Amino acid sequence: MTNQQLWQAILGGLEVSISKGSFTTWLKGTLITERGDDYIIIGVPSDFHKNWISQKYHQEMLKTLKSVAPEIKEIRYQMGGAPATTTVQIPAKTPVKTEYAPHQTSHVTEQPLPTHNNLNPKYTFETLIIGKNNELAHAGAIAVSKNPGTQYNPLFIYGGVGLGKTHLMQAVGNRLLATGQKKIVYITAEKFANDFVDAIKYKRMDEFKKEYRNVDALLIDDIQFMGGREGFQEEFFHTFNELRDKGKQIIITSDRAPKDIPGIEQRLISRFEWGMVADIQAPDLETRMAILRAKMEKRGVMIQEDILFYIAENIQNNVRELEGALNKLAVSQLMDNKGMVLEQAKNLLASMISGKKKVTSVRKIAESVAEFYNISMDELLKQSRKKEYVKPRQVAMYIIRKELDTSFPTIGDFFGGRDHTTVMHAVEKIGILVGQTDSLKQEVNLILDKLFA
């Protein structure tokens, strides 16, 4: 058995025992660089990989190795694996499987981009960390970048604040530019709406339509802001249809799934679901560690392992906050010109990790829930069994109970004198659904993020 065959056998055994995100993040760039009578040496791309693999997967690797090569008793590690990259390719499930292939070029970030595209040249596939939380959305984005306007049109990506929706969307735009697409337009839904209003006001509708209907790809960010704007929805409906009929790619992001966006016409919801709908969830601990390591390597700083773990363990729902915490420590370490210990890091990050102010008002929570679901306070509080009011009301009761530990009778009084058993039922129901339904969990987290901002 050659070294390559042996290592592939080991990797095959490991792949079924650890998560796909962990496998591709830490093991894909490894190989056997030396083999003795009773040992092997594993080449790894970086010190980060060496430390992590030896701590997390050493015993599992030995166990797998014993089953395929019992004469090998020891595993050693050294620098010298495949070149490290911050992009981790995840094998996609059918039908996207054929869309995954190693990137042939890395010149996307080296090409100056036209400013009118509004694309950030730093947002590329090469600067993404891929894990279980975003692998489906990444697979769709890769497929779109290879064959725009075909299978996944539109590509609808949704998820919470700071999880990388905009980065992934713009990565597609930058890749399309690099492969010859001439006009890629990235814009927020709010800016699109403002341009639409100005076009009506100054009688420039022909110019507006020419700008947005004659593109190779239209990237619309935060489409949830379209809710309740009928004129805007009408114009976007026609823009969407014309682009799709021409075979032009449309990519849309939102903080929630199409059917959960309040105030959106059903005909638009159905179109959003025509192509591919993919969510991005909060990254798991190992993916958060991978993100921090990649950011640290990019900045050229060294921060202790226990500090990175502390950050990853305490900042769970926002990649931007992860990077912000790391940047804060890096600047402080640079100013002091010396290393940092965990207690120093905890003090520096206290305001970010434990300094979020808690909401002390039942009304404040209720108002935030009503705003999120685009209904009025009267609609939230009134006696109505309409679905569009019942769900927000139950979510509000759940959050009030969870965050303030308010008694069931008090919550019932606030919501129009409802019986405490009604409140208990609502809190229990939403609690169960939050544990079972990713979309509802994301909605609750978004509301909490805004409350604690």
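Okay, one definition before we start: two strands count as paired if DSSP finds at least two bridges between them. Keep in mind too that what we're looking at is a predicted model.

Let's use that definition right away. Strand β2, residues 39–44, pairs with β3 in the parallel sense, over six bridges. If you want a spot to click on, go to Val 44, which sits opposite Met 79 in β3.

Now zoom out a little. These strands belong to an open sheet of three, in the order β1-β2-β3, and the pairing is mixed. Which strands stand at the edges? Those are β1 (31–35) and β3 (74–79), and each has a single partner strand, so one side of each is left without a neighbour in the sheet. From one strand to the next, the twist averages 35°. And there's a helix lying across β2 and β3: that's α4, residues 58–68, running at about 125° to β3.

That brings me to the packing inside. The largest nonpolar core has 45 residues, and those with the most contacts inside it are Ile 40, Ile 42, Met 61, Leu 65, Ile 311 and Leu 329. You've already met some of the suppliers: β2, β3 and α4 are among the elements that each give at least two residues to this core, and α1 (3–15), α11 (285–299) and α13 (319–336) are on that list too. Take Leu 329 as an example. Leaving out residues up to four places away in sequence, Leu 329 touches Ile 303, Ile 307, Ile 311, Met 340, Ala 345, Leu 348 and Leu 349. Apart from that core lies another one, of 33 residues, including Tyr 373, Tyr 389, Leu 451 and Phe 452.

Hold on to Tyr 373, and let's hop over to Pro 262. You'll find Pro 262 in the loop between β7 (249–254) and α10 (266–272). Buried or exposed? Pro 262 has a relative accessible area of 17%, and the cut-off for buried is under 20%, so Pro 262 is buried. Not counting residues up to four places away in sequence, Pro 262 touches Gly 227, Gly 228, Arg 256, Phe 372, Tyr 373 and Asn 374. Look at Phe 372 in that list: Pro 262 and Phe 372 are 110 residues apart in sequence, yet 8.6 Å apart in space, C-alpha to C-alpha.

Asn 374 from that list has a quirk of its own. Its phi is positive, about 60°, although Asn 374 is not a glycine. Asn 374 lies in the loop between α16 (362–372) and α17 (377–381), and it's partly exposed, with a relative accessible area of 44%. Lys 203 also has a positive phi, about 55°, without being a glycine. Lys 203 is in the loop between α7 (189–201) and α8 (205–213), and with a relative accessible area of 78% it's exposed.

One more backbone oddity: the peptide bond from Asn 153 to Pro 154 is cis, with omega near 10°. Pro 154 is in the loop between α5 (135–146) and β4 (155–159).

Last stop, a pair of helices. How do α18 and α20 pack? Helix α18 (387–404) and helix α20 (420–436) meet at an angle of about 90°, with their axes 8 Å apart, and are therefore roughly perpendicular to each other. Among the residues making the contact are Tyr 398 and Arg 401 of α18, and Ile 430 and Val 434 of α20. By class, that contact has eight nonpolar, three polar and two charged residues.

Terms used: Residues are numbered from 1 along each chain as its sequence is written. This is a predicted model: local features need pLDDT of at least 70, side-chain atom pairs count only at pLDDT 80 or more; totals for chains, interfaces and linings use all residues. Side-chain values use heavy atoms; hydrogens and water are left out. Axes are lines fitted to C-alpha atoms, for helices over the stretch in contact, and angles run from 0 to 180 degrees between N-to-C directions. Helices (H or I, at least four residues) and strands (E, at least two) are DSSP runs, numbered from the N terminus. Angles under 35 degrees count as roughly parallel, over 145 as roughly antiparallel, 65 to 115 as roughly perpendicular and the rest as oblique. Contact means heavy atoms within 4.5 Å. Ala, Val, Leu, Ile, Met, Phe, Trp, Tyr, Cys and Pro count as nonpolar, Asp, Glu, Lys and Arg as charged, and the others, Gly among them, as polar. Buried means under 20% relative accessible area, exposed over 50%, partly exposed in between (1.4 Å probe, protein chains only). A nonpolar core is a set of buried Ala, Val, Leu, Ile, Met, Phe, Trp, Tyr and Cys residues joined through side-chain atoms within 4.5 Å.
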